[in-house]
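Welcome, and take a moment to look over the model before reading on. We will walk through it step by step, from empty spaces inside to helices that pack together.

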Amino acid sequence: MLATDPVSLRRQPARYTPVRSTYRLQLRPDAVTFTEARAIAEYLQQLGISHLYLSPILTAARGSTHGYDITDPTKVSAALGGPAGLKALATEVRSRGMGLIVDLVPNHVAVADPQQNPWWWDVLRTGRESRFAPYFDIDWSPSNGAGGRLALPVLQTENDPAALTVDRTGAEPMLALHDLRFPIAPGTDGDNALRIHDKQHYRLVSWKAGLCTYRRYFAVSGLAAIRQENPDVFDITHRELAAWCEHDLIDGVRVDHPDGLSDPAGYLTRLRGLIGPHRLLLVEKILANREPLDATLSVDGTTGYEALADFSNVLVDPRGEQALTQLSHRVAGHGSDRAWIGETEHRIKRAVAESVLAPEVRRLIAAIKQDARAESFDTLALTNAAIEVLAFMPVYRADYAPLAGMAGAVIAEVEKRSSELTAPLAVLVAALAADGEAAVRFSQVCSAMTAKAVEDTMFYQAVRLVSLQEVGGNPARFGHSVNEFHLSNSQRAQRWPATMTTLSTHDTKRGEDVRARIGVLSQVADIWARCVDSWLEITPAPDGATALFLLQNMFGVWPADGRPAGSVPGLRERLHVFAEKAIREANTKTSWEEPDAEFEAAVHGWLDAVIDGPVGSELGDLVHELAPHAWSDALSQKLLQLCGPGVPDLYQGCELWEDSLVDPDNRRPVDFVARAAMLQSLTGTPALDTTGAAKMWVVAYALWLRRERPECFVGGSYRPLFATGEHASKVVSYARGRSGDAPEVIVVATRHSVALADSGWSDTFLDLPAGTWTDRLTGQTFQGRARLEVVFTRLPVALLVR
C-alpha cells in the first residue's frame, strides 16, 4: 500500500496537514528568505495553497540563488534565516492550516570553492586518511591518471601553474590560485608554490585535460558526488531532516536527482523509514517515453515532469506536424522528427561519453574489467562497446524493477548491429551479472549521459516545435491525443494519487505560458512557416537552425499588447542571455568549452536586428493576433493540471501570466505585493487580457475547490467525458468525485481554438451527469445537455460543481 493512498490519507495523525496543493518558492538570500516566506504565507493561504514547497534550505555556496550547491549539509542556511527562521516559518504556516515540503539534495555537495566546504577541505589537506574521504566517491588508485592523487580540474590556462602562490596571511598557509585557496598538508610547507603543490594529496589539472578522479554531478566539477550508500554519510547528511521530522516542522520531502545515487531504491527505503509513513515523499525522476514509475519504490510519486507532458501536449494540434517538419528541413537541414532524434541522441550520447564524461567512463571501464576478471582485455574495444550500449539505452537508468531485461535487450541489439563487438560485450555482460561496482557505475554513467545528451544538448538542437522539448518530454511525438491523455490521468489517479503534477519548475526550459503560446504555432503551422521564410529573407541569420529555435522562443515571450520588444525593460538583455546559453548548449557552432566569438557576435547582432527591425514588428503583430489562443491554451492546461489526479504544484509567480525562459531567467524575483493586491481586487469573471487576472481567477477557484472538497481530488475518482457534435475533438473534459461516488466536479477545457475563431462551437454539446451544475468561474448553471458555445461564453474553460 502506498504511504499516501486514499486510506492512509484519511488515517494520518492530526498533526500532519494533508497535502492538497503546493507552491514552489525559490529561496535566495538576496530576495526570499524565511522571513519573506512568512510574509507571503497569508497571501498563499488566501490563494488556496496548502503547502509551501521550499527550494533547498541547507547551507549553500555564498550568494547561491538556487541552493543546490550545498557546502554544509549539517546546517540550515544562516543566509536564509537559520534554524530559528525555519522554525518561525513552520509555526506561521501551521497556524494557517498549511505546511512545508522541503527539497533534499542527497547526491552531491559543492566543492568549487574548497574553503566553503569543510569536508572537502579536510580531504584535500589529509588525503585518503581524512575521516571524510569515504564520504566522497574518489579514485585513489595509482593508475587514476594523477599518480594516485585527487585530480582537481580547476586550471583555466596553460599559464595557470605559474600563477600559483603561497598565501600566508591566515592562521595556516594555503596555496593560492587567483581567488581560490587550497590547503597545504602538514609537513609539506617551506618551499616554492609549485614544489609544495607536488607534495599535496591533490593535483591541480586543466579542465580541458579530461582528468577528474572524483564522481561529479553530471560533468560539473564544482559538485562532487557523495556516497549515500555509506551509513555514516546518510546519517550525517540527514541529521537536520530527522530533526525537522522529530519536531513536526515538515510534511514532506522532494528528493533531487535520485538517479545519481548508487542504489536509489535502497536509499528511498531508508529515507521513508526516517520521515515516517505519512509524510509525502516525491522523487525528481525523469521518466522516458512510456517508462513506468517503479511501484516498488517507497515513494508517493514524482515531481511531475511526465504529467507536464500530458497537460501541455494534449493541446498541440497534430495537423501542424507536416508543415513544421518541412520548415525544419528547409531552414535547419533536418526535420527534427523521430528518425533524426533517434540518430542524433545516439550520436550526442557517444560524444558526451568521449568528452565531458570521459573520467566517469574510464572508472566504469576499470570496474568492468575488475568485476569481469578481465584485467588484460583491450581497453579501447571494451570502452567502445560499453559506450555503444549506453548510447542506445532509452531510459536514464535500467536497474529499476519494471525495466528488468532492458539492458540485455539493448546489448543484444548492439551485438546484432555490430558483430565485431561480441567479445567486449561478453566482458560487459559478465561484469553486470556480477552485480558489483561495475553495475552501479554503469547506471550512474547512463543517467549522466542521458541528461547531458538529451536535456542539455539535443533539446537545443531540435527546432520543429520547441514547446515539445521539455524535461520529461519527447519531441519525436507531435502532441498527445485526448484518449491517451485520459488513460494517463486515469492511471495516475489509481496508481499514484498523491504524485506531484507541475507545469513549470526551476528546471523547465521555458515557463508554462511561454510553452502554451509556442504550442499554438501547431495550429497555424502554414502561416508560421511562411512568416519564417519571409523573415529570414528580410533579416538573414548566421545559422538557420539557430534562427528557427530562437524565433519560436522570441514568439513565446514577445509582448502581447503590441509594444515593441525593445521597449520592454530587461527583455532585450534576457533574450541575449538566453540566446548565448541556447547556442552553447546546442554545441553545433559554439560551446561552453570552446566559445566561437565570431559566431556568437553574429547571433547577437541578428537578434538585435530582429528586435529593432521589420521582423520584430511583424512578429509582434502575429503575437498580438494569436494572443487570445495562447491565453486559451494557458488556461486550459492550468485548469487541467489543478483539478487532475495528483498534487498540483504552482511554481512561484505562475498564478499570473509569466514569460520566463530557462534558468536563471525562471528564478527572477516575484512581485508578491502586486499579486496579493490583484487577488483582493478580483470581484467578477475577468477578461482574457495582458494583466493575467483571468489566470489568477482560475487558479484561486480551483484551489478553493480542492480545499472545499479534498476527497474529490487526492485519492478521488477520475472519469473521462466526451463531447458530441462538429467540434467534439476540441474539448478536453473529465469528472472528479469521491472514490466510489457520483461525480461532483467537472473540468471542461478548450483545445485547438484557432479553428473555432470563425465557426464558433456550432452544435457541439457536453452531456452532463445527473444534477444541476454551476460553473464556479462564471456562475452559470447547466443541466443535462450543455451547449459549449454557452459554457465558454466568458472563458475558454469551465469548472462545474454539482
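A cavity here is a set of grid points where a 1.4 Å probe fits but cannot get out. With that in mind, we can turn to this structure, which is a predicted model. How many cavities of 30 Å³ or more does a search of the whole structure find? The search finds 9 of them.

Let us visit the largest cavity, whose volume is about 170 Å³. Its lining is made of 15 residues, and those nearest the centre are Arg 215, Arg 216, Glu 360, Gln 444 and Val 445. Three elements give two or more residues each to this lining: strand 12 (216-217), helix 13 (358-371) and helix 17 (437-461). Which of the elements gives the most? That is helix 17, with 5 residues. Sorted by class, the lining of the largest cavity is evenly split, with 5 nonpolar, 5 polar and 5 charged residues.

Now for the helices. Two packed helices are described by the angle between their axes and the distance between the axes. Start with helix 8 (residues 239-246) and helix 9 (residues 264-275), which pack at an angle of about 35° with axes 9 Å apart. On the helix 8 side you will find Leu 241, Ala 242 and Cys 245, and they meet Leu 271, Leu 274 and Ile 275 of helix 9. This contact has 6 nonpolar residues, with no polar and no charged ones.

Helix 9 also takes part in a link of another kind. The side chain of Arg 270 meets that of Asp 235 in a salt bridge, with 2.7 Å from N to O. Arg 270 lies in helix 9 and Asp 235 in helix 7 (residues 231-237), so the pair ties together parts that are 35 residues apart in sequence. This salt bridge is one of 59 that the structure holds.

Our last stop is further along the chain, at helix 20 (residues 525-538) and helix 21 (residues 544-557). Their axes come within 12 Å and cross at roughly 115°. Is this crossing left-handed or right-handed? The crossing of helix 20 and helix 21 is right-handed. Helix 20 brings Trp 528, Val 532, Trp 535 and Leu 536 to the contact, while helix 21 brings Ala 547, Leu 548, Leu 551, Gln 552 and Phe 555. By class, the residues here divide into 8 nonpolar and 1 polar, with no charged residue.

Notes. Residues numbered from 1 in each chain as written. Predicted model: local features only at pLDDT ≥ 70, side-chain atom pairs only at ≥ 80, totals over all residues. Heavy atoms only, no water. Axes fitted to C-alpha atoms, helices over the stretch in contact; angles between N-to-C directions. Helix = DSSP H or I, 4+ residues; strand = E, 2+ residues; numbered from the N terminus. Contact = heavy atoms within 4.5 Å. Nonpolar A, V, L, I, M, F, W, Y, C, P; charged D, E, K, R; others polar. Left-handed = near helix turned anticlockwise from the far one by under 90°. 1 Å grid on protein atoms, 1.4 Å probe; cavity = no way out; pocket = protein on both sides within 12 Å on 5 of 7 lines; lining within 4 Å. Points joined across faces, edges and corners; volume = space filled by probe spheres on them. Salt bridge = Lys/Arg side-chain N within 4 Å of Asp/Glu carboxyl O.
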